[in-house]
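Colleague: I am new to this structure. Please take one part and go through it closely, then show me how it sits in the whole chain.

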Amino acid sequence: MFEKAKLKRKIKRCKINMAKLEAKRADAQAELVDQVLVNHTTPDPEAVRVFDLITPQIDAEREKMIGYVNELKALEKKNA
């Protein structure tokens, strides 16, 4: 039982981290779109860097969460 609760907390933490990272990425993406489409200027290199750095972090967090979900499913199946 303790393992299931531990995995559920890890999954929740991953979801929270992903939401924070996705918000940061959305801000950077909005800034990029504004600069390119609205102002017709070249994108700010810092906004591009932030967008490029955050996307792999989101992917890594998602993969970690999928692993925890699979562990939880296997544990629940084993205990069923």
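Modeller: Start with the second helix. In α2, the buried residues are Ala47, Ile54, Ile58, Glu61, Met65, Tyr68 and Leu72. Keep in mind that this is a predicted model. What lies over those residues? Their cover includes α1.

Now the helix itself. α2 has 35 residues. From its first C-alpha to its last, α2 reaches 51 Å, close to the 51 Å expected at 1.5 Å a residue.

Look at the spacing of the buried positions. An α-helix has 3.6 residues a turn, so residues three or four places apart point the same way. Ile54, Ile58 and Glu61 are among the buried residues of α2. So are Met65, Tyr68 and Leu72.

Pick out Glu61. Glu61 lies in helix α2. Is Glu61 buried or exposed? Its relative accessible area is 10%, and under 20% is the cut-off for buried, so Glu61 counts as buried. Which residues does Glu61 touch, beyond those up to four places away in sequence? They are Cys14, Asn17 and Met18.

That takes us to the partner helix. Cys14 and Met18 are themselves among the buried residues of α1. The others in that set are Lys4, Leu7, Ile11, Leu21, Ala28, Leu32 and Gln35. The buried residues of α1 pack against α2, residues 45-79. The cover runs the other way as well, with α1 included in what lies over the buried residues of α2.

How long is α1? Helix α1 takes in residues 2-38, which is 37 residues. At 1.5 Å a residue, α1 should span 54 Å. Its end C-alpha atoms are 53 Å apart, which agrees.

Next, follow α1 towards its end. Gln35 lies in helix α1. Its relative accessibility is 12%, so Gln35 counts as buried. Leaving aside neighbours within four places in sequence, Gln35 is in contact with His40, Thr41, Thr42, Pro43 and Asp44.

Val36 also lies in helix α1. At 37% relative accessibility, Val36 counts as partly exposed. With neighbours within four places again left aside, Val36 is in contact with Thr41 and Pro43. Val36 and Lys15 are 21 residues apart along the chain, and 31 Å separates their C-alpha atoms.

His40 deserves a glance too. His40 follows α1, and its phi is positive, near 55°. His40 is also one of the contacts of Gln35.

Now step back to the whole chain. The chain has two helices and zero strands. The radius of gyration is 18 Å, well over the 12 Å that the globule rule gives for 80 residues, so the chain is more spread out than a compact globule. The box filled by its C-alpha atoms is roughly 60 × 15 × 15 Å along the principal axes.

How much of the chain is buried? Buried residues make up 20% of the 80 residues. The accessible surface comes to about 5900 Å², and 58% of that belongs to carbon and sulfur atoms.

What about contacts across the sequence? Take the contacts between residues at least 6 apart in sequence: 68% of them join residues at least 24 apart.

Last, the charges. The chain has 17 positive and 13 negative charges. Their mean positions are 14 Å apart.

Methods
Residues numbered from 1 in each chain as written. Predicted model: local features only at pLDDT ≥ 70, side-chain atom pairs only at ≥ 80, totals over all residues. Heavy atoms only, no water. Helix = DSSP H or I, 4+ residues; strand = E, 2+ residues; numbered from the N terminus. Rg over C-alpha atoms; globule rule 2.2 N^0.38 Å. Buried < 20%, exposed > 50% of the residue type's maximum accessible area, 1.4 Å probe, protein only. Contact = heavy atoms within 4.5 Å. Areas by Shrake-Rupley, 256 points an atom, 1.4 Å probe, with all protein chains shown as cover. Lys, Arg positive; Asp, Glu negative; His and termini not counted. Charge placed at Lys NZ, Arg CZ, Asp CG, Glu CD. Expected span 1.5 Å × (residues − 1).
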